[in-house]
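Dear colleague,

I am passing on the structure we spoke about, and you will find the sequence and the coordinates just below. My notes on what was found follow after that, beginning with a strand pairing and ending with a helix.

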Number of protein chains: 2
Amino acid sequence: MKPYMQMDRDELLAQKAELDEAFKTEEAKGLSLNMARGKPGASQLALSMPMLDVINGHSDMKTLLGNDTRNYGDWDGIGECRQLMADMMEVKKANVVVCGNSSLNIMYDTVIRSMVKGVNGSTPWCKLEKVKFLCPVPGYDRHFKITETFGIEMVNIPLHEDGPDMDLVEQYVNNDESVKGIWCVPKYSNPTGISYSDEVVRRFARLQPKAEDFRIFWDNAYAIHHLYEEEQHQILNILEECEKAGNPNMVYMFASTSKVSFPGSGISAIATSLENMEFLKKFMTTQIIGHDKINQLRHVRFFRNIDGMKEHMKKQANLLRPKFEAVIRILEEELSGLGIGSWTEPKGGYFISFDAMPGCASAIVAKCEQLGLVLTGAGATFPYGKDPQDSNIRIAPSFPTPEEMAEATRMFVICVKLASIEKLLNA
Amino acid sequence: MKPYMQMDRDELLAQKAELDEAFKTEEAKGLSLNMARGKPGASQLALSMPMLDVINGHSDMKTLLGNDTRNYGDWDGIGECRQLMADMMEVKKANVVVCGNSSLNIMYDTVIRSMVKGVNGSTPWCKLEKVKFLCPVPGYDRHFKITETFGIEMVNIPLHEDGPDMDLVEQYVNNDESVKGIWCVPKYSNPTGISYSDEVVRRFARLQPKAEDFRIFWDNAYAIHHLYEEEQHQILNILEECEKAGNPNMVYMFASTSKVSFPGSGISAIATSLENMEFLKKFMTTQIIGHDKINQLRHVRFFRNIDGMKEHMKKQANLLRPKFEAVIRILEEELSGLGIGSWTEPKGGYFISFDAMPGCASAIVAKCEQLGLVLTGAGATFPYGKDPQDSNIRIAPSFPTPEEMAEATRMFVICVKLASIEKLLNA
């Protein structure tokens, strides 16, 4: 089929008539599918069920150092779990604090603490006229929601194939004192799936921030979340690179096992320089006596070590891969050459990013919803929920079965085509 | 023996010589005991071990409503767990959000959020010249640490047998707009063990705060933590009383199962009015996708309901009671009539409060440490760690065995006597 842009009005109307029929057929099925969030599917959750057996009523509940995980203590996490998370994050154990079930929560805490108490002694952000964060786009809506909540001005930075537009990042960070942070998902980025190149990581490390309290929020959410054994992205260690570049305190790294063990019942961690840690500790130990160490022990006993964790992730990949491939196959079959959409083919992570013709994303999401298919809201991948192009849609293939995912993608494709034709007819 | 105050110098010196010997004997034993914190003892932890069996690798992981506890969702807690915590807190389920493993963390979050975003739309506290909290003393050091951390000025309020000095509370709250909160442990107070009378609770509810953003931080930490079946304290429901008095939004109530199931691996909750909840929700849902629902399910499946929880607490009481009684028996035997100390005889909670002769608490704690007995630091029960009388010492009998507790109390008594004599000799 030829590109829609090259069709005349009659051809478009003919296409539309066919698609309207198809839409009605789909609508009549009364399906209900949700691809809004990166929720692991039932088969993935089943993979982690044996973890619930490793600790039971007769287990030895002591850490390797002999501390009782059932009682208060070890505010920064039990040693063996700090080691496990350090290995997952590819940093030293000394730089890691293991926290609760949510890395998002650590990020929120880090921002709100900076609002009230500044960063390592700097002026509290709430006392400043203006605080800005750089936001590579498209990006993760929950990051943007945190900064929005605290009235931090968000600046869109285009995200390329190898990472954020570093010319722009350098221009902002090195010249604008009100720029205090940047949200990064450096590996298998949410939603485009790209990973930062070595050069990009090094340029991050070599930033010369105008603001002493500028920090990189390095959310390594998909550190070991590969889809293909033979095609694994590797990224440089930003903590090490920052240290080499003379900026040891410039980065906070975050990770969790939400998509390794259980979402909501996993463990999370922050890794940062010892100097940053000293500052964090004052607040973390005021906030809580300690996190759930029984769950930390459960994770360590189940995975044993980073190799066990990686083995587990291979099984997860085997379950996720067919879903990603189903989406991409159908997008290719149905949309290739039509000039009405492009999409990423990620090698890891949780999302496929779809770019519709400008001005079509909201209409596509609305049409999908009519068919009972809930997508992430259009605009969600941009600060303030505003996609200037109204083009980007995040597809989360993890939750449905591969069959449902294929079905859902067929519905999605119909909506993409219809919305594009309507746009062209009204142009 | 006659009161120390009535002894002449020679009598005191004779006493001292005996005590110095006893001290040396104890010192030679080289003991190491820690009564610094309210940590449950090993036998208490053992009581909760069967909880680790109720969820295993073959369990049905669905809530009563059919939600999968292993996945994202239910940000405010699974329904049956909200009900359990509501019953524990004696409030309606609709007013409860179940959170993570730490009620202290909810309190910290509540204070820091008010710093940055105010209370239900009020001016953020960080924008105000001065913010004050009332602190009934002696009280809980971790409460005071939160307000100290955020530069909130703390005002000591004497805690009587029936609760805080309400004349003073009313005077401050009803007239001083900078008074934004008060820390309360209304039942089996930490450390004195007193509970607020109905009249005190009603006077709280009838406050007419000068500040619209004044809130009572009602930490119901020991709601079901009775020591004696036949002598259980009951307190009025502050949420209901505030509603009746036309102050429905004036209170945040907190609780946790840290001393019911496992410290650090329990669940916590906040209860407040629906209007407060609407405001909290905006931040709580930005902060986290949801708390550990598998652990919530574990708690519900183990306790079944509030009756099961209360049964469990009877077993805890049976383990704790002998420890409290050992301390009190020895204090009575050794110190009665000497006029150098008084102590509480709590009917619940986790602490015994000891008041030494003014100016002696630090010396007693230091001497105990010399013997290998770690107590809560002198002054810890007061804001800024400053006991104006240097008199109050918090005794935490839960962690040692009853035998160790008796031994520790004998050591403690020697130190009390020695410090008092030294004080009198130097007067």
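To begin with a single contact in the sheet, F354(B) has I393(B) as its bridge partner in β13(B). Please keep in mind throughout that this is a predicted model.

That bridge leads to the pairing of two strands, for β11 (residues 352-356) of chain B runs antiparallel to β13(B), and the two are joined over 4 bridges. Both belong to an open sheet of 3 strands in chain B, with the order β10-β11-β13 and antiparallel pairing. Because β10 (341-343) and β13 (392-395) of chain B are the edge strands, each having a single partner, one side of each is left without a neighbour in the sheet. From one strand to the next, the twist averages 20°. Across β10, β11 and β13 of chain B lies helix α11 (residues 306-335) of chain B, which runs at about 20° to β11(B).

Turning to chain A, helix α3 (residues 79-89) is mostly covered, with 8 of its 11 residues buried. Those buried residues are E80(A), C81(A), R82(A), L84(A), M85(A), A86(A), M88(A) and M89(A), so that charged names such as E80(A) and R82(A) stand in the list beside L84(A) and M85(A). The elements against which the buried residues of α3(A) pack are the strands β2 (96-98), β8 (251-256) and β9 (268-271) together with the helices α10 (293-303) and α11 (306-335), all of chain A. After α3(A) comes E90(A), with a positive phi near 55°.

With best wishes

Methods. Residues numbered from 1 in each chain as written. Chains lettered and ligands numbered in written order. Predicted model: local features only at pLDDT ≥ 70, side-chain atom pairs only at ≥ 80, totals over all residues. Heavy atoms only, no water. Buried < 20%, exposed > 50% of the residue type's maximum accessible area, 1.4 Å probe, protein only. Contact = heavy atoms within 4.5 Å. Pairing = 2+ DSSP bridges. Axes fitted to C-alpha atoms, helices over the stretch in contact; angles between N-to-C directions.
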